[in-house]
Amino acid sequence: MSRYTAAFYHFLISFVVFIFLAYLVLFEWHPGFFYTIDGGWEGMRIIIGVDLVLGPLLTLVVFKAGKPGLKFDLAAIGTFQAACLVAGMFVVYSERPLFFVYYDQHFYSSSQDTYSRYGQPIPETSIYGSKTPVPVIAKVPEDPLEEASLRELLYQDQLPLWVYPRTYTPLEGEELAGILDEAYAIEHIRERDVNNNLDAWIEKHGGNVDDYAFFPVHSRYRDPFIGIRKSDLSLVDILEVPAPMGGG
């Protein structure tokens with residue numbers, strides 16, 4: 001067997017592993033538009049580099065039929081590749097979005113490292129729903145005294161309210177319908193839409209601009225808008241228009 005054949009077989013095995021890992025990234029950890037805005041492609045690059053490039057390339061370099069110690073070399077390559085892949089997948093997993101938080105007319109994509117960065121315990125997503133990221137709304141208490149106490153706590157800890165899990169309520173049904181009136185004004189979106197992406201977005205998803213409500217989104221890599229279809233309250237897709245800065 002030539003080194004090129006060996007590297008090819010290694011690539012085929014790695015490709016099978018890649019399909020499984022790509023499924024996790026695309027459909028479980030960064031589904032839908034989260035792949036674009038919150039590190040899905042960055043995670044995929046780690047997988048491609050380690051799984052499809054590094055391993056087969058090392059086999060191509062070291063393989064020589066009949067070479068003494070070849071089995072040890074191949075085992076070492078496999079172990080090294082697996083270790084790098086596990087480390088890379090751990091990074092991708094820990095940075096996956098857990099919650100899609102609505103607060104004060106903005107959406108925030110928050111991951112495990114978001115809460116760690118602010119010194120907060122990682123919220124248990126299963127109490128809100130079976131799939132992540134979980135859409136939630138961060139709400140202050142209705143009682144003025146409780147609200148004042150909460151805001152004092154957040155101020156002392158320099159903690160944005162949307163990162164404080166005790167304020168979370170599932171964003172669905174009436175809660176989701178109730179935020180539509182807070183959508184960003186279309187005329188203000190058009191002022192920011194220097195590339196005329198809004199009209200292309202409407203053409204792609206159908207209907208007219210009045211059928212949707214748009215909100216700024218803030219995530220690790222992108223700050224676009226998200227369009228919500230008013231008829232069925234579905235989160236449709238991101239709109240590539242620069243979003244204004246959010247509050248605390």
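This report walks through the sheet, a few unusual backbone spots and some aromatic groupings.

The model is predicted, so bear in mind that local features need pLDDT of at least 70 and side-chain atom pairs count only at pLDDT 80 or more, while totals for chains, interfaces and linings use all residues. Residues are numbered from 1 along each chain as its sequence is written, and side-chain values use heavy atoms, with hydrogens and water left out.

Let's start with the sheet. Seven strands make up an open sheet with mixed pairing, in the order β4-β3-β1-β2-β5-β6-β7. At the edges stand β4 (168–170) and β7 (234–239), and each has a single partner strand, so one side of each is left without a neighbour in the sheet. From one strand to the next, the twist averages 35 degrees. A word on terms: strands (E, at least two residues) and helices (H or I, at least four residues) are DSSP runs, numbered from the N terminus. Two strands pair if DSSP finds at least two bridges between them. Axes are lines fitted to C-alpha atoms, for helices over the stretch in contact, and angles run from 0 to 180 degrees between N-to-C directions.

Two of the pairings are worth a look. β1 (residues 97–103) runs parallel to β3 (residues 134–138), with four bridges, and Tyr102 has Ile137 in β3 as its bridge partner. β6 (residues 225–229) pairs with β7 in the antiparallel sense over five bridges, where Gly227 is matched with Asp237 of β7. β6 and β7 form a hairpin with four residues between them, and Leu233 in the turn has a positive phi of about 60 degrees.

Now for the loops. Most residues other than glycine have a negative phi. Here are two non-glycine residues with a positive one:

| Residue | Phi | Loop | Relative accessibility |
|---|---|---|---|
| Gln158 | about 50 degrees | between α6 (144–156) and β4 | 59%, exposed |
| Asn196 | near 55 degrees | between α8 (186–192) and α9 (197–205) | 43%, partly exposed |

For those labels, buried means under 20% relative accessible area, exposed over 50% and partly exposed in between, using a 1.4 Å probe and protein chains only.

Finally, the rings. The whole structure holds 19 aromatic pairs; rings of Phe, Tyr and Trp (its six-membered ring) pair if their centres lie within 6.5 Å. One aromatic cluster is formed by Phe33, Phe34, Phe100, Tyr102, Phe107 and Phe215. Tyr102 is also the residue bridged to Ile137 in β3. Elsewhere, Arg96 lies over the face of Tyr93, 3.7 Å from the ring centre; a charge sits over a ring if NZ of Lys or CZ of Arg is within 6 Å of the ring centre and within 35 degrees of the ring normal.

Definitions and conventions:
Rings of Phe, Tyr and Trp (its six-membered ring) pair if their centres lie within 6.5 Å; planes under 30 degrees apart count as stacked, over 60 as edge-to-face and the rest as tilted.
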